[in-house]
Amino acid sequence: MSHDEDHIASTAEKLVRMANQIATFFHSKPREEGITGVAEHINKFWEPRMRRQFFEMLDAGTENFDELVVAASARIKRPPMPEQADKDLGYVRQA
């Protein structure tokens, strides 16, 4: 495995661990409050790149996320892909 692959794997593992730590805290709350709390925390404190990777992992079927994280994912803001964000800002990449 290359250095880049190691970094990608470790970043993915860190995202799973962080998301699950948030869920662990919110498991002490009633379910609906927990789902809302996980989503609000991720929306507030995770930058778009982190949320983008989070959704890429969910879309790929990553099964390591706590069920509360998965339930909260419907309320987490999905950031646009970089190309779409550039287009939305009026930036056009030169060929």
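How many salt bridges does a search of the whole structure find? The search finds four. Please bear in mind that we are looking at a predicted model. I shall discuss three of these contacts, taking each with its surroundings.

I begin with glutamate 32 and arginine 75. Their closest N and O atoms are 2.4 Å apart, and the two residues form a salt bridge. Glutamate 32 belongs to helix α2, which covers residues 31-45, while arginine 75 sits in the loop between α4 (67-72) and α5 (82-88); the pair therefore ties together parts that are 43 residues apart in sequence. As for solvent exposure, glutamate 32 has a relative accessible area of 46% and is partly exposed. Arginine 75 is likewise partly exposed, with a value of 39%.

The next contact also involves the loop between α4 and α5. Here the side chains of aspartate 59 and arginine 78 meet in a salt bridge, with an N to O distance of 2.9 Å. Aspartate 59 lies in helix α3, residues 48-59, and arginine 78 in that loop, so this pair links parts that are 19 residues apart in sequence. Aspartate 59 has a relative accessible area of 55%. Is that residue buried or exposed? It counts as exposed, because the cut-off for that class is over 50%.

Finally, I turn to arginine 49 and glutamate 47. This salt bridge brings their closest N and O atoms to 2.6 Å apart. Arginine 49 is exposed, at 57% relative accessibility, whereas glutamate 47, at 34%, is partly exposed.

How values were computed: Residues numbered from 1 in each chain as written. Predicted model: local features only at pLDDT ≥ 70, side-chain atom pairs only at ≥ 80, totals over all residues. Heavy atoms only, no water. Helix = DSSP H or I, 4+ residues; strand = E, 2+ residues; numbered from the N terminus. Buried < 20%, exposed > 50% of the residue type's maximum accessible area, 1.4 Å probe, protein only.
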